[in-house]
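Welcome, and thanks for taking a look at this one. Below is a short briefing on ring pairs, charged contacts and a few backbone details, grouped so you can follow along in the viewer.

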Amino acid sequence: MAITDIPAFAHLTGADIENLAVELDAIRLDIEDSRGERDAHYIRCTIAAQRALDVAGRLMLAGSSKRSAWWAGTITVALAKIIENMEIGHNVMHGQWNWMNDPEIHSSTWEWDMSGASKHWRFTHNFQHHKYTNILGMDDDVGYSILRVTRDQPWQAYNIANLLYNTILALGFEWGIGLQPIEFTKILKPGPDRETTILQMREFATKAARQGIKDYVAFPALTSLSRSATYRSTLKANIVANVIRNVWADAVIFCGHFPDGAEKFTKTDMIGETQGQWYLRQMLGSANFHAGPAMRFMSGNLCHQIEHHLYPDLPSNRLRQISVRVRQICDKYDLPYTTGSFLIQYGKAWRTIAKLSLPNRYLRDTADDAPETRSERMFTKLESGLATTDVVTGPRRGLKTAIAVRQWRRDPRVGEATDQGGFDQALKPNDYWRVTDGTVGCAGVDSNPESDP
């Protein structure tokens, strides 16, 4: 089942977690102290480029009746929407640029180019999701109330359509995000909650209507004034552009939250949670994917989802720089740094969604040791002294090594290194492990397991 004891799962002591917090706090202070004109220039140029891209796409749609020009305009508008949604809107509303004191680029004033109201998203995302990340029953982003993404969610008959629901969510992601904060069941019960829900519905309807008029009435009508375009052609272009943006945003978000290694937690984890434990939960509950400069930009730098969850209000253009130090800390404490190629991470998320459309009795792995659902109980057969600093080689042995040893015990053929804790990555070059019926330990400097007597 989900993790109930984060320190035990991470194989860290209380002192380790305190030291972890000190090191991660130091990274925050360094970035805050170095913010300046270079960062301000970055976001202002990004906004200017996005707006220019949007205008260029609109002109393409109005300026030619050729199919190639229609596709060029549609793709250009889709790219503009992606940039506004991911690198600008998402990050501005996190407060990443509030330090500039620019009223135009402030979390409290920015309204993004999608159907959901910004004020609603800031509550469900900034407060609920980032504070209670992956805690079952407290973070609505765990499955978005319609998908089964962990075995801790009891199987219901409607879960058989998990793949269908996820496809619909991807195509209409902006609508899912917009409707997510509204708890419609509260309308049935008189009281303050009912009034709040009705107000949210009105606010959402106002924003969605305004967005719909802009995308599906105003722009098509404007471009239809051109002899080279029609109302219908621009209407179709805007629909396609929105779908492209929705599918891309869904893919990026799912790569950061639902591939193997993005752990889930129980409500008990919040009891007495320290800053260090909160940091640790963000590191264990998030995942990255590999990206070059273009994909980093188009993903809103959420290819660095681990770093974003550690520092949601630090400028997105600094996350790559931060990631180098975060990965060093993971290595120091022998913690997994969950990452992989975009397609592999996205494929793993879809695999989990497909697999969990079935009841648990049809699944092979246990509820404590499955790719999508793990807990500290998966290590019950490992000896308590595993998480120590090796007296011979120096490096710490912790969660990453424990996962590798656990995998090796289940299948001795496992040897391929993965960023989620592969065996030969977890072991340092001079480490040599004996794995027998009841013991796991470092035997010295022999680097060739085949020579074990």
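Let us begin inside one helix: phenylalanine 123 and phenylalanine 127 both sit in helix 5 (residues 118-131), four residues apart, or about one turn of the helix. Please keep in mind that this is a predicted model. The protein chain holds 16 helices and four strands, and 52% of its 453 residues count as buried.

**Aromatic pairs around helix 5**

- Phenylalanine 127 also pairs with tyrosine 132, edge-to-face, at 5.8 Å centre to centre and 90° between the planes.
- Across the structure, the count of aromatic pairs comes to 19.
- One of these pairs is phenylalanine 123 with phenylalanine 127, which is stacked, with 5.5 Å centre to centre and 25° between the planes.
- The angle of 25° explains the label, because planes under 30 degrees apart count as stacked.
- Phenylalanine 123 is partly exposed at 44% relative accessibility, and phenylalanine 127 is partly exposed at 36%.
- Tyrosine 132, in contrast, counts as buried because its relative accessibility is 13%, and the cut-off for buried is under 20%.

**Other rings and a nonpolar patch**

- Trp248, Phe289, Phe342, Tyr346 and Trp350 are joined into a cluster by ring pairs.
- A charged side chain meets a ring elsewhere: arginine 58 lies over the face of phenylalanine 219, 3.9 Å from the ring centre.
- On the surface, Trp155, Ile160, Leu358 and Tyr362 make up a nonpolar patch, and their accessible area together is about 410 Å².
- Leucine 358, a member of that patch, belongs to the loop between helix 14 (342-355) and strand 1 (369-370).
- With 34% relative accessibility, leucine 358 counts as partly exposed.

**Salt bridges**

- Side chains of opposite charge can pair when their charged atoms come close.
- A search of the whole structure turns up 25 salt bridges.
- Aspartate 30 and arginine 325 are one such pair, with their side chains meeting at 3.0 Å, N to O.
- Aspartate 30 is in helix 2 (residues 14-34) and arginine 325 is in helix 13 (residues 319-332), so this salt bridge ties together parts that are 295 residues apart in sequence.
- Both partners are partly exposed: aspartate 30 has a relative accessibility of 38%, and arginine 325 has 32%.
- Aspartate 113 and lysine 214 form another salt bridge through their side chains, at 2.9 Å, N to O.
- That pair links distant parts of the chain, 101 residues apart: aspartate 113 is in the loop between helix 4 (67-92) and helix 5, while lysine 214 is in helix 8 (residues 192-223).
- Aspartate 113 counts as buried at 16% relative accessibility, whereas lysine 214 is partly exposed at 26%.
- Both residues also take part in a network of salt bridges that links Lys81, Asp113, Lys214 and Asp215.
- Arginine 351 and aspartate 260 meet in a salt bridge with an N to O distance of 2.3 Å.
- Arginine 351 lies in helix 14 and aspartate 260 in the loop between helix 9 (231-257) and helix 10 (275-285), so the pair ties together parts 91 residues apart in sequence.
- Here arginine 351 is partly exposed at 39% relative accessibility, and aspartate 260 is buried at 10%.

**Backbone details worth a look**

- Most residues other than glycine have a negative phi.
- Asparagine 301 has a positive phi, near 65°, and is not a glycine.
- Asparagine 301 sits in the loop between helix 11 (293-298) and helix 12 (305-310), and is buried, with a relative accessible area of 5%.
- Aspartate 334 also has a positive phi, about 55°, without being a glycine.
- The loop between helix 13 and helix 14 holds aspartate 334, which is buried with a relative accessible area of 2%.

**The chain as a whole**

- Among contacts between residues at least 6 apart in sequence, 68% join residues at least 24 apart.
- The accessible surface of the protein chain is about 20200 Å², and 60% of that belongs to carbon and sulfur atoms.

Conventions:
Residues numbered from 1 in each chain as written. Predicted model: local features only at pLDDT ≥ 70, side-chain atom pairs only at ≥ 80, totals over all residues. Heavy atoms only, no water. Phe/Tyr/Trp six-rings, centres within 6.5 Å; stacked < 30°, edge-to-face > 60°. Helix = DSSP H or I, 4+ residues; strand = E, 2+ residues; numbered from the N terminus. Buried < 20%, exposed > 50% of the residue type's maximum accessible area, 1.4 Å probe, protein only. Lys NZ or Arg CZ within 6 Å of the ring centre and 35° of its normal. Patch = residues over 30% accessible without salt bridge, like charges linked within 9 Å, V, L, I, M, F, W, Y side chains within 5 Å. Areas by Shrake-Rupley, 256 points an atom, 1.4 Å probe, with all protein chains shown as cover. Salt bridge = Lys/Arg side-chain N within 4 Å of Asp/Glu carboxyl O. Contact = heavy atoms within 4.5 Å.
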